[in-house]
Amino acid sequence: MTGHSGRTAPSATATATATEQSRRELRLPATRDRFADIATSARREQQDYLGFLAELVITEWDGRDRRRAEQRVRAAGFPFRKRLDDFSFEANPAVDATLVGRLTGWDWVKAGSPLCLYGGSGTGKSHLLIGLGTRAAEAGYRVRYAEAGRLVADLAEASEASDDDRLAGVISHYGDVDLLLIDDLSRLHLDRRRAELLLAVLTEREQRCAVASAADAPFSSLRKTFTDPRLCAAIVDRLTFGGHGIDTGDRAYRR
């Protein structure tokens, strides 16, 4: 077939090959995967060129949005996958489902307010903590999960190395995200220095970035976790003041 310019138009195979190569070079994986289906649908529905192009752009945008959400979930460092949709409020009626639903509006994250989850072992605290963190990451927030013992160990290791830059880097690592999740807080037993390091992370985030934490008992009982009453009061204040609380009760969720 010859065009008006006298040049031979490329064959359908050549066009498909060139299009495939261009999509790879431009890094358009969603368009690459869906191109044939979209083209077939456009031909069947007699879409014009603008409509076909719009469908391609929307497909690539949606795919890119999903990939970014997946990257944020991976970057959060969750020890395992848990979703809010899988939490059984019927099995544990102690949990306020309405409150959990309101929390997914993310006003508390935007305001940098704390969230506390407390209750007996096996009542779903970690499930809710990770489920909320996963949903927040998918909604566009930068999230980081930390088991309390690991967080303090990272801080102590940097402090003992007598390297101010390294310690500042660790504090920043836990301080520069929109939502920090601290799990198993009540299992700690901290001396003065380690309590000061934990307080430094919380102070870095205070009224600016949100913290959600989980403990096996009400936060008023954390005196056993910290040897210094003044530091205990300061830490509990930063974990609770002006925030929300979820009591998961004492009945084991998994049973």
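Which residues of helix H10 are buried? The tour returns to that helix after a walk through the sheet, and a reader who wishes to check at once may select Leu 231, Cys 232, Ala 234, Ile 235, Val 236 and Leu 239, the buried residues of H10.

**The whole protein**

The model on display is predicted. Begin with the full chain in a cartoon view, where 10 helices and 5 strands can be found. Of its 255 residues, 41% count as buried. Among contacts between residues at least 6 apart in sequence, 81% join residues at least 24 apart.

**The sheet**

Next, select the five strands. They form an open sheet in the order E2-E3-E4-E1-E5, with parallel pairing. Strand E2 (143-147) and strand E5 (244-247) stand at the edges; each has a single partner strand, so one side of each has no neighbour in the sheet. From one strand to the next, the twist averages 15°. Strands of a sheet pair through backbone hydrogen bonds, in either a parallel or an antiparallel sense.

**Strand E3 and its partners**

Select residues 179-183, which make up strand E3. On one side, E3 pairs with E2 in the parallel sense over 5 bridges. Two places along this pairing are worth displaying: Ala 146 stands opposite Ile 182 of E3, and Glu 147 stands opposite Asp 183 of E3. E3 also pairs with E4 in the parallel sense, over 4 bridges. Here the bridge partner of Leu 180 is Val 211 in E4.

Now show the side chains of E3. In a regular strand the side chains alternate between the two faces of the sheet. Leu 179, Leu 181 and Asp 183 point one way, while Leu 180 and Ile 182 point the other way. Are these residues buried or exposed? All are buried, and E3 is accordingly described as mostly covered, with 5 of its 5 residues buried.

**Helices across the sheet**

Add helix H7 (residues 148-160), which lies across E2 and E3 and runs at about 90° to E2. Then add helix H9 (residues 192-205), which lies across E3 and strand E4 (210-215) and runs at about 150° to E3.

**Helix H8**

Select residues 164-175, helix H8. At 1.5 Å a residue, its 12 residues should span 16 Å, and the end C-alpha atoms are 16 Å apart, which agrees. Display Leu 167, Val 170, Ile 171, Tyr 174 and Gly 175, the buried residues of H8. When the view is turned to look down the axis of H8, these buried residues fall within an arc of 130°, so they line one face of the helix. An α-helix has 3.6 residues a turn, so residues three or four places apart point the same way. What do the buried residues of H8 pack against? They pack against E2, H7, E3 and H9.

**Helix H10 and its two ends**

Return to helix H10, residues 229-240. Its 12 residues reach 16 Å from the first C-alpha to the last, close to the 16 Å expected at 1.5 Å a residue. The cover over its buried residues includes strand E1 (115-118), H9 and E4.

Move to the start of H10 and select Asp 228, which is placed in the loop between E4 and H10. Asp 228 is buried, with a relative accessible area of 14%. At the start of H10, a side-chain oxygen of Asp 228 reaches to within 2.9 Å of the backbone nitrogen of Arg 230. The side chain of Asp 228 also reaches the backbone nitrogen of Leu 231, at 3.1 Å. Beyond the other end, H10 is followed by Gly 242, whose phi is positive, near 70°.

**Trp 108**

For the last stop, select Trp 108, found in helix H5 (residues 107-111). How is Trp 108 placed, buried or exposed? With a relative accessible area of 4%, Trp 108 is buried, because the cut-off for a buried residue is under 20%. Apart from neighbours within four places in sequence, Trp 108 is in contact with Leu 103, Ser 113, Leu 115, Leu 179, Ala 210, Ala 212 and His 244. Val 211, already met as the partner of Leu 180, offers a final distance to display: the C-alpha atoms of Trp 108 and Val 211 are separated by 9.5 Å, although the two residues are 103 residues apart along the chain.

Technical notes: Residues numbered from 1 in each chain as written. Predicted model: local features only at pLDDT ≥ 70, side-chain atom pairs only at ≥ 80, totals over all residues. Heavy atoms only, no water. Pairing = 2+ DSSP bridges. Axes fitted to C-alpha atoms, helices over the stretch in contact; angles between N-to-C directions. Contact = heavy atoms within 4.5 Å. Expected span 1.5 Å × (residues − 1). Buried < 20%, exposed > 50% of the residue type's maximum accessible area, 1.4 Å probe, protein only. Polar contact = N/O pair within 3.5 Å; in protein donor to acceptor, adjacent residues only side chain to side chain. Arc of directions from axis to C-beta.
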